[in-house]
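User: I've just opened this one and don't know my way around yet. Can you walk me through it?

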Amino acid sequence: MVNGAEVAADVEDRMLLVHFLRETAGLTATNIGCDTTSCGACTVLLDGESVKSCTVLAAQADGCQVTTVEGLAGAGGELHPMQRAFRAEHGLQCGFCTPGMVMAAVSLLQENPHPTEPEVRAGLEGNLCRCTGYHNIVRAVLAAAQEPTP
Amino acid sequence: MIPAPFTYRRSGSVAEALDLVSEHGDEAKFLAGGHSLLPLMKLRLAMPSVLIDLGPVRELSYIRDEGAHIAIGALTRHHDLEHSGVLARSLPLLAHAAGQVGDPQVRHRGTIGGSLAHSDPASDLPATVLALDATLVARGPSGSREIAATGFFEGLFETVLEPDELLTEIRVPVPAADAAGWSFQKFTKRAIDWAIVGVAVQGTAVALVNMAGTPVRALGVERALAAGATPAEAAGHAAEGTTPGDDINASPAYREHLARVLVERALVEAQSTQA
Amino acid sequence: MSILGTRVVRSEDPRLLTRGGVYTDDLRIPELDGAARITFVRSPIAHARITGIDTEAALASPGVVAVLAAADMDDLPPGGGRPATEPLLATDRVRYVGEAVAIVVTEQGYQGEDAAELVSVDYEPLPAVVDFDDALAGGTLLFDGTDSNVVRSGGDPAPADAFSGCEVVVEHTFPNQRVAPIPLEVRASAARWADGRLTLWTSTQNAQQARDAVAEAVGLDAASVRVIAPDVGGGFGAKIATERDTIVVAWAAKHLGRPVRWVETRNENLLGMVHGRAQRHAIRIGGTRDGRILAYHLDIIQDCGAYPRSGPFLPALTKLMAGGVYDLPYCGAAFRSVLTSTTPVGAYRGAGRPEATAAIERAVDLFAAEIGMDPAEVRRRNVVPPTAFPYTTPSGAVYDTGDYAAALDAVLAGAGYAGLRAEQARRRELSSQGLSREEGGGPVQLGIGLACYVEITAADYDGGETSRVVVDASGAATVYTGSSPHGQGHQTAFAMLVTDQLGIPMDKITVIHGDTDQVPKGVGTYGSRSLQLGGTAVQQAAIQVKDQGRELAAAMIEASEADLELDTTRGIWQVRGDPDTALSWAAVAAEAGPGGLSAEADFRPASPTFPFGAHLAVVEVDTETGKATLIRHVTVDDAGKVLNPVLAEGQRHGGIAQGAAQALLEEVRYDAEGNPLTSTLADYAAITATELPSFELLAMETPTTVNALGAKGIGEAGTIGATPAVHNAVIDAVAHLGVRHIDMPATPQRVWAAINEAKGGQMGPAQMRPAQLRTAQLRTAQLRTAE
């Protein structure tokens with residue numbers, strides 16, 4: 001299941017989950033930024049936990065729930081508090097790292113609803129951004145933490 | 001960027017996993033969390049032709065207080081170790097070290113068994129189980145066997161496990177009251193990096209990360225402590241018997257220096273966490 | 001009240017946050033249906049002759065459509081519009097690890113990697129040249145028919161008497177190390193040849209230049225080429241030039257008659273995208289014991305890498321800006337750009353100016369240490385005073401406006417400088433007493449680092465920028481701009497300029513960029529030029545549209561233009577005081593005819609602009625391990641009038657992070673054979689959130705007179721100021737231990753080695769330095785005055 005909808009396909013055994021999402025499921029928001037599990041641009045939620053989808057085989061995710069950034073907004077298009085916060089705080093510039101960053105941040109707040117600034121930074125250690133210097137990303141996550149959980 | 005082609009097989013139980021691996025022999029590798037093996041495969045540094053996915057093997061994910069020791073299923077994820085109340089109480093060193101592995105996403109997938117079987121001396125858990133004098137339980141076609149951590153790691157990416165053996169459990173003795181002090185010192189340039197040098201201390205057991213081809217116990221330090229040395233004096237022995245590497249992050253001499261500094265800090269911190 | 005200067009969140013963001021941007025590899029469009037995938041075969045060796053390419057096994061691999069090498073490129077015009085020295089695919093020689101040798105074209109992406117491994121290339125190794133001095137010495141000449149590996153030089157050595165009046169002279173040599181730009185989106189291109197036209201989608205900072213480059217290289221006229229920049233995931237200068245790999249993709253589409261697409265891996269990106277910086281600096285600074293700097297000379301060696309792309313020209317900017325913010329009786333610089341067997345070097349955020357600032361700010365600190373004066377005080381005594389503008393430097397740069405002392409004073413006050421120095425002194429005192437950590441002592445020392453900078457933006461000002469504004473019969477406005485954002489927020493910024501002039505609401509304004517069919521004329525986004533050039537052009541075009549609108553509205557209402565006013569809060573034309581005459585933009589545009597109202601402006605200022613600022617970095621250094629942690633970073637970055645503080649702050653933040661990264665962590669390294677040692681993100685230490693604090697940005701706006709917006713460029717300023725401030729802070733933290741200098745990046749090992757050296761310990765510098773760079777020993781010379 002991806003963003004609540006079932007996606008079924010026959011794919012190569014070695015297909016990575018990130019390619020399954022981008023090529024087979026047609027969800028291109030999740031990006032690939034490296035080849036060593038370093039950058040986190042590919043972060044999605046797998047059964048509610050943040051994972052780097054470049055280091056998960058599509059086959060491993062069979063039967064699991066995958067959530068990408070495209071699945072965050074509400075049914076009527078209402079932005080998720082994290083999406084609202086990223087916009088309000090200018091937590092994105094080129095936007096390439098953003099889907100993965102947002103999903104990592106959502107997972108972070110699920111596990112630690114009221115993090116300190118150092119905890120936010122540590123929680124995002126697996127996500128690289130080259131544009132923002134992280135300053136406003138951290139502000140966005142702290143702002144989202146102020147909102148009641150959806 | 002993507003692995004060489006392979007065949008994916010999925011196992012739902014330990015028995016099934018062992019059947020699959022004896023079917024395919026040494027063409028097969030177990031896939032646990034995948035965060036040690038898949039990165040190597042994506043760079044084509046490892047090219048097994050069969051991957052046996054242990055993901056569905058729920059029976060190996062547990063943390064059980066069994067009195068004198070804690071029994072941990074090999075497929076328990078780092079995240080669960082980090083947040084375990086049982087470990088927080090009885091094995092805080094292990095909980096803390098598990099929380100240092102990689103980043104949150106890696107910790108959601110990586111498993112203790114996978115990390116130990118991968119045997120990277122720069123990883124956090126191998127040295128930790130060494131300091132804890134853990135026993136590793138492996139099951140193969142001819143049954144189970146118990147392997148002391150001190151005899152488990154043979155070299156870079158090499159353990160005593162046979163290709164058809166599966167790590168099933170890690171048994172960690174609960175430290176005695178007078179050995180409850182602990183510390184984990186991980187030195188990196190960036191938080192996400194592997195340790196340039198690391199130290200795991202439990203009581204007077206001292207293990208080193210990334211000071212040799214395997215995790216090693218700092219026996220010189222331990223002997224000095226047993227003879228009554230202070231942390232500063234004992235730490236002077238930290239680099240004895242080690243063969244630290246030379247790479248873009250550090251020279252051997254710098255690693256030896258770090259080992260001495262970090263061992264002293266770890267011993268001081270362990271003394272202060274001693275109840 | 002005008003919207004200009006107010007905080008406006010971005011209109012780009014809802015799409016980026018919900019559906020994600022559409023970057024080149026995301027394109028799922030009919031034109032690329034059935035596109036084949038291109039995978040490059042790249043050289044694993046730094047310098048070699050190619051004696052054969054065997055494609056047989058690759059051709060038999062599943063899904064392979066073609067395997068193409070230079071020999072197949074017989075349908076290109078001779079010379080192909082590239083410098084003759086650099087081929088599109090290697091011909092008889094490879095010159096750096098990662099150089100493209102062949103392409104494998106497959107039905108699917110995964111097949112490409114499999115097949116590329118099967119292409120067998122025979123290499124006959126040649127000596128690689130990696131070390132600067134080896135390259136300069138020319139023992140191995142990297143190009144036949146040359147007598148030197150130096151491809152460009154400029155400037156002169158200091159005159160013999162330049163330092164003769166100095167009581168104190170300090171010399172030192174140090175690297176400004178090679179770094180990798182690492183935009184999160186790697187290089188990607190897709191191309192289609194149909195109906196006599198080539199369409200190229202590519203991750204670029206300048207679509208129009210890409211069109212011209214591709215047209216020339218492939219042998220087409222510009223009208224037959226359309227370049228589209230989809231969303232671009234960061235550039236930082238590294239996506240300015242249209243590189244050979246992208247041209248190969250374009251050529252392949254035409255050659256095969258089938259759409260093709262390509263996206264590199266990050267490993268390829270770290271080998272194949274241009275690297276930045278890679279200079280070596282020899283500084284000489286002299287002055288009086290009471291802190292007056294009389295003379296400064298900078299000798300630059302620029303490593304261009306294997307081919308002379310834009311690398312050779314960067315040190316000319318370094319030379320131009322060498323004197324920084326200081327009023328120097330003598331200031332000179334000279335440079336030599338040299339080839340090596342490494343990845344070519346190009347522009348990277350700052351492009352020649354961070355190097356100038358890093359050199360002189362290090363030199364000023366060395367001078368301050370030599371005379372025992374506070375580095376803030378030395379700066380204050382030597383900056384160009386605010387009354388001296390416009391100020392012509394010895395190098396011929398004409399600084400437009402600035403107040404360097406005010407910037408310095410602002411960061412000192414903002415950071416609480418006196419308190420920081422007191423804390424530093426306190427910790428040093430406690431540690432000298434040998435107190436343990438528990439007793440208040442311990443190994444962690446405080447370092448405070450300063451950098452004052454001025455930099456040149458829109459250096460290519462006479463290229464100008466073009467923008468067109470159209471208002472249509474629905475009352476909406478469209479901006480067509482030659483600027484080409486890749487994160488800068490031009491959609492929001494340029495819409496602000498239009499709404500300010502015309503009163504059309506922001507959500508009815510669209511900004512079109514990066515498509516050469518819709519914007520045939522444009523220069524692009526780099527060099528911090530877009531707001532001051534592109535934005536001014538947008539404003540000028542909007543004003544022209546307003547004038548057209550006034551004329552037409554007056555005719556429609558049958559009133560005189562003088563009696564008309566435009567209510568910019570509602571976008572309504574009316575006779576002043578007579579709301580019954582109200583006319584909407586929609587009505588006026590409809591009256592204008594099918595094209596609506598339209599105006600184009602081409603803004604070419606008379607000169608570049610010179611933003612300036614000051615950075616103060618506070619670090620803690622663990623003197624036992626050598627590890628430095630940035631704990632505070634305070635800045636003034638004065639780029640004139642700020643259009644949208646949200647955007648300006650974001651640019652500053654990103655620049656500071658990249659600047660701090662160079663000071664502390666990042667370095668591209670090669671071994672002596674030219675093998676890269678940092679070609680994955682596991683090895684290359686790109687900075688993450690855990691190594692950075694939140695930044696403290698102070699506001700200062702000294703407008704320029706060069707354009708009507710009063711705006712200078714902000715995009716690169718953060719990088720320029722941050723690197724030397726952080727670098728100086730690390731050295732300052734251990735200065736009391738006798739350390740005068742540590743090479744960048746100031747990694748824990750380097751800091752530890754420096755402390756040891758100062759203590760007279762065994763661990764010398766030779767074991768720590770990368771193979772290609774050598775550091776001369778610090779020498780100080782005391783010269784008597786001429787008399």
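User: Let's start small. In β3(B), what is the bridge partner of B:Ala28?

Analyst: B:Val50 is the bridge partner of B:Ala28. Keep in mind that this is a predicted model.

User: How do those two strands run, parallel or antiparallel?

Analyst: β2(B) and β3(B), residues 50–53, pair in the parallel sense. Four bridges link β2(B) and β3(B).

User: And the faces of β2(B), covered or not covered?

Analyst: Both faces of β2(B), residues 28–31, are covered. B:Ala28 and B:Phe30 are buried on one side. B:Lys29 and B:Leu31 are buried on the other. In general, side chains in a regular strand alternate between the two faces of the sheet.

User: Zooming out. How many residues of chain B are in contact with chain A?

Analyst: 23 residues of chain B are in contact with 24 residues of chain A. On the chain B side, β1 (7–10), α2 (37–42) and α6 (104–109) each give two or more residues.

User: Which element gives the most there?

Analyst: α6(B) gives the most to the side of chain B that touches chain A, with five residues. By class, that side of chain B has twelve nonpolar, seven polar and four charged residues.

User: What about chain C against chain A, how many residues from each?

Analyst: Chain C puts in 43 residues and chain A 42. In chain C, α1 (13–18), α7 (266–272) and α16 (645–664) each supply at least two residues. α16(C) gives the most to that side of chain C, with six. The chain C side splits into 19 nonpolar, 16 polar and eight charged residues.

User: Now chain A itself. What order do the strands take in its open sheet of three?

Analyst: The order is β2-β1-β3 in chain A, with antiparallel pairing. β2 (49–52) and β3 (66–67) of chain A stand at the edges with a single partner strand each, so one side of each has no neighbour in the sheet.

User: How many bridges between β1(A) and β2(A)?

Analyst: Four, with β1(A), residues 43–46, antiparallel to β2(A). A:Val44 stands opposite A:Val51 in that pairing.

User: Which helix lies across those strands?

Analyst: α3(A), residues 98–111, lies across β1 and β2 of chain A. α3(A) runs at about 40° to β1(A).

User: Over to chain C. How many residues of β9(C) are buried?

Analyst: Six of the seven residues in β9(C), residues 188–194, are buried, so β9(C) is largely enclosed by the rest of the structure.

User: Which strands does β9(C) pair with?

Analyst: β12(C), residues 260–263, runs antiparallel to β9(C) and is joined to it by four bridges. There, C:Ala190 has C:Arg261 as its bridge partner. β10(C), residues 197–202, also pairs with β9(C) in the antiparallel sense, over six bridges. In that pairing, the partner of C:Ser189 is C:Thr202.

User: What sits between β9(C) and β10(C)?

Analyst: Two residues lie between the strands of that hairpin, and C:Asp195 takes a positive phi near 55°.

User: Helices next. At what angle do α9(C) and α10(C) cross?

Analyst: At roughly 115°, with the axes of α9(C), residues 353–371, and α10(C), residues 375–382, coming within 9 Å. α9(C) and α10(C) are therefore roughly perpendicular to each other. The crossing is right-handed.

User: Which residues meet there?

Analyst: C:Val364, C:Asp365, C:Phe367 and C:Ala368 in α9(C) meet C:Pro375, C:Val378 and C:Arg379 in α10(C). That contact has five nonpolar, no polar and two charged residues.

User: Last topic, backbone oddities. Where are there cis peptide bonds?

Analyst: The bond from C:Phe389 to C:Pro390 is cis, with omega near -5°. C:Pro390 lies in the loop between α10 and β16 (391–392) of chain C. Another cis bond joins C:Met744 and C:Pro745, with omega about -15°. C:Pro745 is in the loop between α17 (717–733) and α18 (748–759) of chain C.

User: And A:Tyr134, what is its phi?

Analyst: Near 70°, a positive value in a residue other than glycine. A:Tyr134 is in the loop between α4 (117–123) and α5 (135–146) of chain A.

User: Is A:Tyr134 buried or exposed?

Analyst: A:Tyr134 is buried, with 28 other C-beta atoms within 10 Å. In chain C, C:Phe236 has a positive phi of about 60°. C:Phe236 is buried too, with 30 other C-beta atoms within 10 Å.

Definitions and conventions:
Residues are numbered from 1 along each chain as its sequence is written. Chains are lettered from A and ligands numbered from 1 in the order in which they are written. This is a predicted model: local features need pLDDT of at least 70, side-chain atom pairs count only at pLDDT 80 or more; totals for chains, interfaces and linings use all residues. Two residues are in contact if their C-beta atoms, placed from the backbone, lie within 7 Å. Ala, Val, Leu, Ile, Met, Phe, Trp, Tyr, Cys and Pro count as nonpolar, Asp, Glu, Lys and Arg as charged, and the others, Gly among them, as polar. Axes are lines fitted to C-alpha atoms, for helices over the stretch in contact, and angles run from 0 to 180 degrees between N-to-C directions. Angles under 35 degrees count as roughly parallel, over 145 as roughly antiparallel, 65 to 115 as roughly perpendicular and the rest as oblique. A crossing is left-handed if the near helix is turned anticlockwise from the far one by less than a right angle, and right-handed if clockwise. A residue is buried if 20 or more other C-beta atoms lie within 10 Å of its own, exposed if 12 or fewer, and partly exposed in between; C-beta atoms are placed from the backbone. Two strands pair if DSSP finds at least two bridges between them.
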